[in-house]
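Reader: Hello! I'd love a close look at one part of this protein rather than a tour of everything. Could you pick a central strand and walk me through it and what surrounds it?

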Amino acid sequence: MSRTNPPRRRLGRRPVVIAGAFAGACALTMGTLSTAAADEDVDTLARVDNPYAGAQLYVNPDWSAAATAGGGEAIADQPTAVWLDSRAAITGGSAGSNTMGLREHLDEALAQGADAIQIVTYNLPGRDCAALASNGELGPEEIDVYKTEFIDPINEIVSDPAYAELRIINIVEIDSLPNLITNVSGRETATPECDEMLANGNYVKGVGYNIATLGDNENVYNYIDIGHHGWIGWEDNFQASADLLFEAANAEGATPEDVAGFAANTANYSALKEDNFAIDDVIGGQPIRGESSWIDWNNYVDELSFAQDFASVAAPAAGFPEGLGVVIDTSRNGWGGPDRPTGPGPQTSADEYVDGGRYDRRIHLGNWCNQEGAGLGERPTAAPEPHIDAYSWIKPPGESDGSSEEIPNDEGKGFDRMCDPTYEGNPRNQNNPSGALDGAPISGHWFQAQFEQLMANAHPPL
């Protein structure tokens, strides 16, 4: 593809003013807008290093209304991402708590006085090859449809000069590239669908075209999905994932300069921090990394340490520029409530020590669908830690991950047994129970029982 915009210079990382509290009835203020680039030329003035810093983020009124109606007045003013998960979603919204099209959201963002809006582009051909609940409308070979009927129409809207001053944060195709590392032949966790997507290259091509096309706009900030620590944190997966992302960042006209950062834990449940144990702890003379079935030789115990190392170690080693940050989805990883441990577990064994102290109460790290006992996590915050651009609620709390039983629908979404509370698992969660809540609707639709549980188990508490 031709690149019509001039090459841009990334601004170096610099101190920014971060607000510690939320402001406004319907939008989030993340500090005052930085003026450090005031003397920069016009080409660099509009481009910032961290699009979350100093920004008032857009609050989706559809989600806000659903949250309020569900008893969530206390959080209804929080910003959440707008999910573009089908071609129809571009113009007419999608199911669940998102009824407006993209242009309507952008217009509403301007009306709110927002500086930034978060979108999720999520419609790759053969989408989510390891989970039926989030299958999409495009077949494995429909890469041209993805380009011309999904990405190009989105680009036509976001390139409208009316939105030039609005930072558009694009979370790129979650659960795609990481699947090509962990769920392909040679792994016990392989699926035929992921083998097909690895062979045809359409995940790599799609992500490349996405970031190349949308990244031609100076106000678009692309964050490529990196899964989460309970998926990618093992040595065999960690650097390999960064290398594959770099391949995609050089495909279909893309360059690494089209990447603003990475997205971790999107629509997932991995705890942000585990305070009661560390990866190098030793119990009874045995390292917990090898002896704890929960850790199971993973190099990380929580999402923050994983994300920081991915940004500072794996990404530069793959060839990405130094200084890229990560946005961590904290919408459902708080794990508060009465079952939250208050200290380490007993030192009688590695398993008892880790299981007694861990905040993440899932049965297995591979469980991902409507998890029992989950809670809202850290509220959206800009630049909370080194290498972290933001904590953000990318997955709107209250929206289902998938139906707990088969529900016919015209959205291309199948029934995944990992959403069935009676399911006893598969190799991708080492044949453990799913831990899913009962009574769930199809993915993206409002799930009131889950929303109530998320609020009840919020940490920090509401």
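Author: Happy to: here is a walk through one strand, its partners, some helix contacts and a few unusual backbone spots. Please keep in mind that this is a predicted model.

Let's begin with strand β6, residues 220-225. Six of its six residues are buried, so β6 is largely enclosed by the rest of the structure. You can see this on either side of the strand. In a regular strand, side chains alternate between the two faces of the sheet. On one side of β6 sit V220, N222 and I224, while Y221, Y223 and D225 are on the other, and all of these are buried. Both faces of β6 are therefore covered, given that six of six residues are buried.

Now for the neighbours in the sheet. Strand β5, residues 167-172, pairs with β6 in the parallel sense, over five bridges. To find your place there, look at I169, which stands opposite Y221 in β6. β6 also pairs with strand β7, residues 261-264, again in the parallel sense and over three bridges. Two residues of β6 help you line this pair up: Y223 has G261 as its bridge partner in β7, and D225 has A263. From β7 you can step on to strand β10, residues 325-329, since four bridges join these two parallel strands. G261 is a handy marker here as well: this residue, the bridge partner of Y223, stands opposite G325 in β10.

If you follow β5 to its end instead, you come to the loop between β5 and α6, which holds E173. E173 is not a glycine, yet its phi is positive, at about 45 degrees. Most residues other than glycine have a negative phi. The relative accessibility of E173 is 1%, so this residue counts as buried, the cut-off being under 20%.

Next, the helices. Helix α10, residues 235-248, makes a good anchor, with α12 as one of its partners. α10 and α12, the latter spanning residues 303-318, pack at an angle of about 60 degrees with their axes 9 Å apart. That angle makes α10 oblique to α12, and the crossing is right-handed. On the α10 side, the residues that meet α12 are F238, Q239, S241, A242, D243, L245 and F246. They face F306, D309, F310, V313, A314, A315, A317 and A318 of α12. By class, this contact has 11 nonpolar residues, two polar and two charged.

Helix α8, residues 202-214, packs with α10 too, at an angle of about 60 degrees and with axes 8 Å apart. These two helices are therefore oblique to each other. Here V204, V207, G208 and I211 of α8 meet L244, E247 and A248 of α10. Five residues of this contact are nonpolar, one is polar and one is charged.

Two more backbone spots are worth a visit. D296 lies in the loop between α11 and α12, and has a positive phi of about 55 degrees although it is not a glycine. With 27% relative accessibility, D296 counts as partly exposed, whereas E173, at 1%, counts as buried. The other spot is P460, in the segment after α14. The peptide bond from H459 to P460 is cis, with omega near 0 degrees. Most peptide bonds are trans.

Key: Residues numbered from 1 in each chain as written. Predicted model: local features only at pLDDT ≥ 70, side-chain atom pairs only at ≥ 80, totals over all residues. Heavy atoms only, no water. Axes fitted to C-alpha atoms, helices over the stretch in contact; angles between N-to-C directions. Parallel < 35°, antiparallel > 145°, perpendicular 65-115°, else oblique. Left-handed = near helix turned anticlockwise from the far one by under 90°. Contact = heavy atoms within 4.5 Å. Nonpolar A, V, L, I, M, F, W, Y, C, P; charged D, E, K, R; others polar. Buried < 20%, exposed > 50% of the residue type's maximum accessible area, 1.4 Å probe, protein only. Pairing = 2+ DSSP bridges.
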